[in-house]
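The following exercises concern the fold of a single protein chain. Please work through each task with the structure at hand before reading its solution.

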Amino acid sequence: MNSTVSAPGWQKSVFDVLREGDVKQIAYVPDAGHSYAIQAAIADPSIEDVVLTTEEEGVGVVSGAWLGGQRAVLLMQSSGVGNCVNMFSLLEMCKFPFLTLVTMRGEYAEFNPWQIPMGSTTQQALELMGITVFRVDDPDQVGEVVSAAFDQAFLAGERVAVLLGQRLIGRKKWERK
């Protein structure tokens with residue numbers, strides 16, 4: 001990882017769990033909340049970074065990685081969960097292990113009203129599709145929660161999502177000109 005890139009410690013702890021867990025592919029739609037993990041994956045020659053045009057493609061990518069003998073993780077924003085609902089049936093029917101890390105929008109100090117409907121129902125949408133949900137809002141607990149979710153996904157073979165609360169990322173501000 002480029003030493004000039006700085007990030008909150010919780011973002012580094014997310015990537016550390018993935019690297020230590022032998023993740024070989026990280027699929028994502030670019031997102032500021034996941035920027036450290038994305039940049040770290042790009043810089044790490046042992047991890048393939050897979051840029052998606054839409055989040056539901058990531059469900060196929062991580063499923064295909066598992067079939068090919070690799071661990072993969074899907075990084076997305078809460079607004080992308082709605083795009084994945086139909087594809088989540090693949091996980092349920094095939095019982096693939098699955099881990100997604102979801103940065104939340106539509107909650108704490110949200111300025112964009114379009115983010116609120118999906119942000120307020122992200123957890124319920126995931127749970128309706130059979131995905132276990134963990135949530136973390138305390139930066140000191142991110143590493144432990146992501147590690148626990150990782151184990152539940154890849155050791156117990158479950159489908160798991162970690163919601164990274166909007167307070168972790170901080171207030172987003174609308175840029176007025």
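**Exercise 1. A residue between a helix and a strand**

Task: State where Lys95 is found, and decide whether Lys95 is buried, partly exposed or exposed.

Solution. The model is a predicted one.
Step 1: Lys95 sits in the loop that connects helix H5 (88–94) and strand S4 (98–103).
Step 2: The backbone of Lys95 has a positive phi of about 55°, although this residue is not a glycine.
Step 3: The relative accessible area of Lys95 is 47%, so the residue is partly exposed. The class applies because exposed requires over 50% and buried requires under 20%.

**Exercise 2. A second positive phi**

Task: Locate Asp22 and determine its exposure class.

Solution.
Step 1: Asp22 belongs to the loop between H1 and S1.
Step 2: Its phi is positive, at about 65°, and Asp22 is not a glycine.
Step 3: Asp22 has a relative accessibility of 44% and therefore counts as partly exposed.

**Exercise 3. The overall fold**

Task: How many helices and strands does the protein chain have, and how does its radius of gyration relate to that of a compact globule?

Solution.
Step 1: The protein chain contains 8 helices and 6 strands.
Step 2: Followed along the sequence, these elements give the pattern α-β-α-β-α-β-α-α-β-α-β-α-β-α.
Step 3: A compact globule of 177 residues would have a radius of gyration near 16 Å; the value for the protein chain is 15 Å, which agrees.
Step 4: The C-alpha trace spans about 50 × 40 × 30 Å along its principal axes.
Step 5: Of the 177 residues, 48% count as buried.
Step 6: Among contacts between residues at least 6 apart in sequence, 74% join residues at least 24 apart.

**Exercise 4. Helix H1 against helix H7**

Task: Classify the relative orientation of H1 and H7 and describe the residues that make the contact.

Solution.
Step 1: Two packed helices are described by the angle between their axes and the distance between the axes.
Step 2: The axes of H1 (residues 9–20) and H7 (residues 142–154) come within 8 Å, and their crossing angle is roughly 25°.
Step 3: H1 is therefore roughly parallel to H7, because angles under 35 degrees fall in that class.
Step 4: The handedness of this crossing is right-handed.
Step 5: H1 contributes Trp10, Ser13, Val14, Val17 and Leu18, while H7 contributes Val142, Gly143, Val146, Ser147 and Phe150.
Step 6: Sorted by class, the contact of H1 with H7 comprises 7 nonpolar and 3 polar residues, with no charged residues.

**Exercise 5. Helix H1 against helix H2**

Task: Repeat the analysis for H1 and H2, then identify what the buried residues of H2 pack against.

Solution.
Step 1: The axes of H1 and H2 (residues 35–43) come within 8 Å and cross at roughly 45°.
Step 2: H1 is therefore oblique to H2.
Step 3: The crossing of H1 past H2 is right-handed.
Step 4: The contact involves Gln11, Lys12 and Phe15 of H1, together with Ser35, Tyr36, Ala37, Ala40 and Ala41 of H2.
Step 5: By class, the contact of H1 with H2 has 5 nonpolar, 2 polar and 1 charged residues.
Step 6: Within H2, the buried residues are Tyr36, Ala37, Ile38, Ala40 and Ala41.
Step 7: Those buried residues pack against H1, strand S1 (23–28), strand S2 (48–51) and strand S3 (71–77).

**Exercise 6. The loop before H2**

Task: Are Gly33 and Asp31 buried or exposed, and which residues do Gly33 and Asp31 touch?

Solution.
Step 1: Gly33 lies in the loop between S1 and H2, and Asp31 is placed in the loop between S1 and H2.
Step 2: Gly33, at 4% relative accessibility, counts as buried.
Step 3: Asp31, with a relative accessible area of 10%, is buried.
Step 4: Not counting residues up to four places away in sequence, Gly33 touches Trp10, Gln11, Thr103 and Ile169.
Step 5: With that exclusion, Asp31 touches Ile38, Gln77 and Thr103.
Step 6: Gly33 and Val102 are 69 residues apart along the chain, yet their C-alpha atoms are separated by 8.9 Å.

**Exercise 7. A proline before H7**

Task: Which residues does Pro139 touch, and how exposed is Pro139?

Solution.
Step 1: Pro139 is in the loop between strand S5 (132–136) and H7.
Step 2: At 43% relative accessibility, Pro139 counts as partly exposed.
Step 3: Not counting residues up to four places away in sequence, Pro139 touches Trp10 and Leu168.
Step 4: Pro139 and Leu168 are 29 residues apart in sequence, with a C-alpha to C-alpha separation of 6.4 Å.

Terms used:
Residues are numbered from 1 along each chain as its sequence is written. This is a predicted model: local features need pLDDT of at least 70, side-chain atom pairs count only at pLDDT 80 or more; totals for chains, interfaces and linings use all residues. Side-chain values use heavy atoms; hydrogens and water are left out. Axes are lines fitted to C-alpha atoms, for helices over the stretch in contact, and angles run from 0 to 180 degrees between N-to-C directions. Helices (H or I, at least four residues) and strands (E, at least two) are DSSP runs, numbered from the N terminus. Angles under 35 degrees count as roughly parallel, over 145 as roughly antiparallel, 65 to 115 as roughly perpendicular and the rest as oblique. A crossing is left-handed if the near helix is turned anticlockwise from the far one by less than a right angle, and right-handed if clockwise. Contact means heavy atoms within 4.5 Å. Ala, Val, Leu, Ile, Met, Phe, Trp, Tyr, Cys and Pro count as nonpolar, Asp, Glu, Lys and Arg as charged, and the others, Gly among them, as polar. The radius of gyration is taken over C-alpha atoms; the globule rule is 2.2 Å times the number of residues to the power 0.38. Buried means under 20% relative accessible area, exposed over 50%, partly exposed in between (1.4 Å probe, protein chains only).
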